Amino acid sequence: MLVWAVRVLTIIPARIGSSRLPEKPLSIICGEPLAHLVTRKALEFALSDEIVVASDDDRVLDVVRPLGIRGVKTSQLHRSGTERIAEVLALPEYASVDLVLNVQGDQPFLPFEAAQGALHQLEAGFGIGTAAVPLSEVDVSNRNIVKVAIDRCGEARHFWRGPVGGVKLDAVMGVFHHLGVYAYTRESVLEWVRLPDCVEEFSQQLEQLRPLRNGISIGVEVVQCVAPLAVDTPSDLRRAQVVREQTSEQSRKSA
């Protein structure tokens, strides 16, 4: 476990109203709800002092309660996970939190190195940290894959969903597959939600474009592994079932 001189809080935002996969946090993968699976993954990381699941639906909070995790009922009006996180940080009991790790609720297979790397970016001086993996050839033109262009200092210059060839890339070291994990300082979260809306963040459905376009630096940890499956669609859900079955079989064989 990383040793921090400040208090670290992991928050898993889990909105119930997904348009592409209705009631996504409650979707079952090999007998286990997605919200439960993601929370167990965060517990395995052991990177923070406490874990909170923030959702607008009591059923999601009920799913994670057997894990001994606190659930916080948040507003249905939030337009992003970061807005949901800011509501949690405003609670008096979290006034001493200095750093936040946001493990997004669609990431049941997120590698430890990605979460740890996002936090390391804060140590490097960035206001926000995140992670990425090498972009495969098959995903270069995939509009469901979020791409990030990173300069030679490890700072994000642009995020987008379209094909790589459609974006002008100046002075960057490369384009990568962005992963759904963020780390923030308390100040950067509160500044983020105070910023004016950015048209791109809604047209592209990429909330991180708001701080990026308003001068908040985002450091990116590049993890050398295959991109983990994120669960956003019914097709992803079916693939997740296969991945978990394969993982369980491999564990049985190695036991």
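Leaving aside its neighbours within four places in sequence, which residues is Asn214 in contact with?

## Asn214 and its surroundings

Beyond those neighbours within four places in sequence, Asn214 is in contact with Leu195 and Pro196. The model in which this is seen is a predicted one. Asn214 sits in the loop that runs between α7 (209-213) and β11 (218-222). Its relative accessibility is 32%, so Asn214 counts as partly exposed; the buried class would require a value under 20%.

Glu83 offers a reference point elsewhere in the chain: Asn214 and Glu83 are separated by 131 residues in sequence, and their C-alpha atoms are 16 Å apart in space.

## Overall form

The protein contains eight helices and 11 strands. Along the principal axes, its C-alpha atoms fill a box of roughly 50 × 45 × 35 Å. For 255 residues, a compact globule would be expected to have a radius of gyration near 18 Å, and the protein, with 17 Å, agrees with that expectation.

Of the 255 residues, 56% are buried. The exposed area of the protein is about 11700 Å², of which carbon and sulfur atoms supply 51%. Among contacts between residues at least 6 apart in sequence, 68% join residues at least 24 apart.

## Helix α8

Helix α8 covers residues 234-254, and at 1.5 Å a residue its 21 residues should span 30 Å; the C-alpha atoms at its ends are 31 Å apart, which agrees. Its buried residues are Asp236, Leu237, Ala240 and Arg244. Viewed down the axis of α8, these residues fall within an arc of 95 degrees, so they line one face of the helix.

The face turned away from that buried side carries Arg238, Gln250, Arg252 and Lys253, which are exposed. On the buried side, the packing partners of the α8 residues are β2 (28-29), β3 (32-33) and α1 (34-45).

## Helix α1

Helix α1, one of the elements packed against the buried residues of α8, has 12 residues. From first to last C-alpha, α1 reaches 17 Å, close to the 16 Å expected at 1.5 Å a residue.

The buried residues of α1 are Leu34, Ala35, His36, Leu37, Val38, Thr39, Ala42 and Phe45. After the helix comes Ala46, which has a positive phi, near 50 degrees.

## Aromatic pairs

Four aromatic pairs are found in a search of the whole structure. In one of them, the ring centres of Tyr182 and Trp192 lie 6.2 Å apart and the ring planes meet at 90 degrees, so the pair is edge-to-face. This pair links distant parts of the chain, with Tyr182 in strand β10 (residues 172-185) and Trp192 in helix α5 (residues 186-194), 10 residues apart. Trp192 also forms an edge-to-face pair with Tyr184, at 5.7 Å centre to centre and with 70 degrees between the planes.

Ring pairs thus link Tyr182, Tyr184 and Trp192 into a cluster. What is the solvent exposure of its members: is Tyr184 buried or exposed? Tyr184 is buried, at a relative accessible area of 0%. Tyr182 has a relative accessibility of 2% and therefore counts as buried. Trp192 counts as buried as well, because its relative accessibility is 2%.

Terms used
Residues numbered from 1 in each chain as written. Predicted model: local features only at pLDDT ≥ 70, side-chain atom pairs only at ≥ 80, totals over all residues. Heavy atoms only, no water. Helix = DSSP H or I, 4+ residues; strand = E, 2+ residues; numbered from the N terminus. Expected span 1.5 Å × (residues − 1). Buried < 20%, exposed > 50% of the residue type's maximum accessible area, 1.4 Å probe, protein only. Arc of directions from axis to C-beta. Contact = heavy atoms within 4.5 Å. Rg over C-alpha atoms; globule rule 2.2 N^0.38 Å. Areas by Shrake-Rupley, 256 points an atom, 1.4 Å probe, with all protein chains shown as cover. Phe/Tyr/Trp six-rings, centres within 6.5 Å; stacked < 30°, edge-to-face > 60°.
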